[in-house]
Amino acid sequence: MFLYDQFFGALRMSGGYYQFQAPQLRVIPLRDAPPDVKRSIGKLIDRVKVEDVDEQMTSEILAKVDAQFYQLYGLSSEERSRVDTTVT
């Protein structure tokens, strides 16, 4: 969402909803994660979707997912806090 907001924040519809369409999605720079990272993130997401987890556990799992993305993109601590501030 951070990247989408940076690129296309001006395209927000009324109510603050984002407009997701193919032309916008094609230009977002995404890295292809190594297979082990994809598996790790997938397992974490599956835990949120499948297991009966409470809100605190969900937050902890999603924080682990965020950390893996930060590492994948090589973000500094300053960049991480900027992303966290923008997303929340």
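**Figure 1. Tyr-4 and Tyr-18, two buried residues.** Tyr-4 is buried, and Tyr-18 is buried as well (under 20% relative accessible area; exposed is over 50% and partly exposed in between, with a 1.4 Å probe and protein chains only). The model is predicted: local features need pLDDT of at least 70 and side-chain atom pairs pLDDT 80 or more, while totals for chains, interfaces and linings use all residues. Residues are numbered from 1 along each chain as its sequence is written, and side-chain values use heavy atoms, without hydrogens and water.

**Figure 2. Aromatic pairs around Tyr-4.** The whole structure contains 3 aromatic pairs (Phe, Tyr or Trp rings, the six-membered one for Trp, with centres within 6.5 Å; stacked under 30 degrees between planes, edge-to-face over 60, the rest tilted). Tyr-4 and Phe-8 form a tilted pair, because their ring planes stand at 50°, with the centres 5.0 Å apart. Helix H1 (residues 2–8) holds both Tyr-4 and Phe-8, which are 4 residues apart, or about one turn of the helix. (Helices are DSSP runs of H or I with at least four residues, strands runs of E with at least two, numbered from the N terminus.) Tyr-4 and Phe-8 are both buried. Tyr-4 also pairs with Tyr-18, in an edge-to-face arrangement with 5.6 Å from centre to centre and 85° between the planes. Tyr-4 belongs to helix H1 and Tyr-18 to the loop between H1 and helix H2 (22–26), so this pair ties together parts that are 14 residues apart in sequence. Through ring pairs, Tyr-4, Phe-7, Phe-8 and Tyr-18 are linked into a cluster.

**Figure 3. Surroundings of Tyr-18 in the loop between H1 and H2.** The relative accessibility of Tyr-18 is 17%, so the residue counts as buried. Not counting residues up to four places away in sequence, Tyr-18 touches Met-1, Tyr-4, Asp-5, Arg-12 and Met-13 (contact: heavy atoms within 4.5 Å). Its side chain is joined to that of Asp-5 by a polar contact of 2.8 Å, and to that of Arg-12 by one of 2.3 Å. (A polar contact is an N or O pair within 3.5 Å; within protein, one atom must be able to donate a hydrogen and the other to accept it, and residues adjacent in sequence count only if both atoms are side-chain atoms.) Tyr-18 and Leu-75 are 57 residues apart along the chain, and their C-alpha atoms are separated by 25 Å.

**Figure 4. Gln-24 and Leu-25 in helix H2.** Gln-24 lies in helix H2, as does Leu-25. Gln-24 has a relative accessibility of 11% and therefore counts as buried, whereas Leu-25, at 43%, counts as partly exposed. With neighbours within four places in sequence left aside, Gln-24 is in contact with Tyr-4, Phe-8, Leu-11 and Gln-19. Under a matching exclusion of residues up to four places away in sequence, Leu-25 touches Tyr-4 and Phe-20. The C-alpha atoms of Leu-25 and Phe-8 are separated by 9.9 Å, with the two positions 17 residues apart along the chain counted as their separation.

**Figure 5. Ser-40 in helix H3.** Helix H3 (residues 35–50) contains Ser-40. This residue is partly exposed, with a relative accessible area of 27%. The side chains of Ser-40 and Gln-68 make a polar contact of 2.8 Å. Ser-40 and Arg-80 are 40 residues apart along the chain, and 20 Å separates their C-alpha atoms.

**Figure 6. The largest pocket and its lining.** The largest pocket holds about 900 Å³ of space. Its lining has 28 residues, and Met-1, Phe-2, Leu-3, Phe-69 and Val-83 lie nearest its centre. (A pocket is an open set of points on a 1 Å grid over the protein atoms alone where a 1.4 Å probe fits, with protein on both sides within 12 Å along at least five of seven lines; lining residues have an atom within 4 Å of a point. Points are joined across faces, edges and corners, and the volume is the space filled by probe spheres set on them.) H1, H3, helix H4 (55–73) and helix H5 (77–87) are the elements that give two or more residues to this lining. By class, the lining residues are 19 nonpolar, 1 polar and 8 charged (nonpolar: Ala, Val, Leu, Ile, Met, Phe, Trp, Tyr, Cys and Pro; charged: Asp, Glu, Lys and Arg; polar: the others, Gly among them).

**Figure 7. The protein chain as context for the close-ups.** The chain has 5 helices and 0 strands. Of its 88 residues, 17% are buried. The C-alpha trace spans about 35 × 30 × 30 Å along its principal axes. Among contacts with a separation of 6 or more, 40% are between residues 24 or more positions apart.
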